[in-house]
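The following note sets out points for a colleague who has the sequence and the model at hand. The points may be read in any order.

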There are 2 protein chains.
Amino acid sequence: MILNVDLASEVPIYQQLRDQIVEAIADGVLAEGSPLPATRTLAADFGINFHTVNKAYDLLRQEGLIRLNRKSGAVVTQTVADPPFPAEWTARARTLLAEAVARGLPADEVLTICRSILDSFDARKPEGTP
Amino acid sequence: MILNVDLASEVPIYQQLRDQIVEAIADGVLAEGSPLPATRTLAADFGINFHTVNKAYDLLRQEGLIRLNRKSGAVVTQTVADPPFPAEWTARARTLLAEAVARGLPADEVLTICRSILDSFDARKPEGTP
DNA sequence: CTGTTTGTTCTATAAGTTATAGAACAAACA
DNA sequence: TGTTTGTTCTATAACTTATAGAACAAACAG
């Protein structure tokens, strides 16, 4: 897995880390059981504080995407979407999609972009072939 | 247009305002030329500071969604998506879609949700019937 | 057993963001 | 003329972000 952090970005570092790990999971680059680097190791790699990495990992744990323990470190868990999740996700999706439509992107083009993004996930994470 | 603000939310007030106005534009509730309330009026309605409303309006202007002038107030502009926009939008869409997939929502279900959201916009904003 | 690594927890601080506040100005308008 | 409006400025309290140092307990290698 390749992570990169933009220190000049307006997006918080812990958020960048979280987002990239989430995308790696969706991609299939990180599968169920995949270990993540130790917080201090990852922090050293990027020259950032280990508390910042800790915050990203903590977020991912709260979202149920990884599990943390002293012996195995951080490992990716296979999650099944639970009821409260899709509702608030849909609200955020609505805001994002509205932004594209409001700015003049035709709805069918928006959907095409979404489809191609989702297809790029499926490419490495085949749904029907276990 | 019905706006509502949740003061207890972790989402900044100016962001809530911006998001709801963007959705109203996508919905077609706010069409090209529609006037928005004066900053002080809107602030008074919600019991918030007018600088907060100002910030939301300023964001929308930077995004090219509204125009502000002293005589006509804030009015919605019809925008055509320009090159730099879809690229950064796609990056954000990727993050959001990845989150759903990583959390176990099947890709086809995610796409169905996107489609139904986009359809709800189209309902009031017919593309082919002017 | 010893030393190291690891996640975890605590306090602390500097810089930036958010929301509020007051004041003032110029353009538009009744 | 007086009012409304967008715009701009300074200021402040509360919160967030990122960094930092310290310490602890569980797991593990040698």
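1. In this predicted model, the side chain of Arg70(B) places an N or O atom 2.7 Å from a base nitrogen of DNA strand D. Arg70(B) is also listed among the residues closest to that strand, together with Ile13(A), His51(A), Thr52(A) and Arg40(B). In total, 22 residues surround DNA strand D.

2. Two further polar contacts of DNA strand D involve phosphate oxygens. One phosphate oxygen lies 3.2 Å from a side-chain N or O atom of Arg61(B). For Asn49(A), the partner is a polar backbone atom, at 3.5 Å from a phosphate oxygen of the strand. Sugar or phosphate provides 51% of the atoms of DNA strand D within 4 Å of the protein, and bases provide the rest.

3. Both chains contribute to the surface near DNA strand D. From chain A, α1 (13-27) and α3 each supply at least two residues, as do α2 (39-46), α3 and β2 of chain B. By residue class, this surface comprises eight nonpolar, eight polar and six charged residues.

4. DNA strand C is likewise surrounded by 22 residues, the closest being Arg40(A), Arg70(A), Ile13(B), His51(B) and Thr52(B). Of the atoms of DNA strand C that come within 4 Å of the protein, 51% belong to sugar and phosphate.

5. Three side chains should be examined at the phosphates of DNA strand C. Thr52(B) has a polar side-chain atom 2.7 Å from a phosphate oxygen of the strand. For Thr39(A), the corresponding distance from a polar side-chain atom to a phosphate oxygen is 3.1 Å, and for Lys55(B) the distance is 3.4 Å.

6. The surface near DNA strand C draws at least two residues from each of α2 (39-46), α3 (50-62) and β2 (66-69) of chain A, and from each of α1 (13-27) and α3 (50-62) of chain B. Its residues divide into eight nonpolar, eight polar and six charged.

7. In chain B, strands β2 (residues 66-69) and β3 (residues 73-76) run antiparallel and are joined by four bridges. The hairpin connecting β2(B) to β3(B) passes through three residues. Within this pairing, Asn69(B) stands opposite Gly73(B) of β3(B).

8. Is Thr77(A) buried or exposed? Its relative accessibility is 8%, so Thr77(A) counts as buried, the cut-off being under 20%. This residue sits in the loop between β3 (73-76) and α4 (84-102) of chain A. A polar atom of the Thr77(A) side chain lies 2.9 Å from the backbone oxygen of Gly64(A). Beyond its neighbours within four places in sequence, Thr77(A) is in contact with Glu32(A), Gly64(A), Leu65(A), Ile66(A) and Arg67(A).

9. As to the overall arrangement of chain A, there are five helices and three strands, in the sequence pattern α-β-α-α-β-β-α-α. The chain is divided into domain 1 (13-76) and domain 2 (84-122). The centres of these two domains, taken over C-alpha atoms, are 26 Å apart.

10. Some totals for chain A complete the note. The C-alpha atoms fill a box of roughly 50 × 40 × 30 Å along the principal axes. Of the 130 residues in the chain, 40% are buried. Among contacts between residues at least 6 apart in sequence, 49% join residues at least 24 apart.

Definitions and conventions: Residues are numbered from 1 along each chain as its sequence is written. Chains are lettered from A and ligands numbered from 1 in the order in which they are written. This is a predicted model: local features need pLDDT of at least 70, side-chain atom pairs count only at pLDDT 80 or more; totals for chains, interfaces and linings use all residues. Side-chain values use heavy atoms; hydrogens and water are left out. Buried means under 20% relative accessible area, exposed over 50%, partly exposed in between (1.4 Å probe, protein chains only). A polar contact is a pair of N or O atoms within 3.5 Å; within protein, one must be able to donate a hydrogen and the other to accept it, and residues adjacent in sequence count only if both atoms are side-chain atoms. Contact means heavy atoms within 4.5 Å. A residue is near a molecule or strand if one of its heavy atoms lies within 4 Å of it. Ala, Val, Leu, Ile, Met, Phe, Trp, Tyr, Cys and Pro count as nonpolar, Asp, Glu, Lys and Arg as charged, and the others, Gly among them, as polar. Domain bounds come from an automatic or database domain assignment. Two strands pair if DSSP finds at least two bridges between them.
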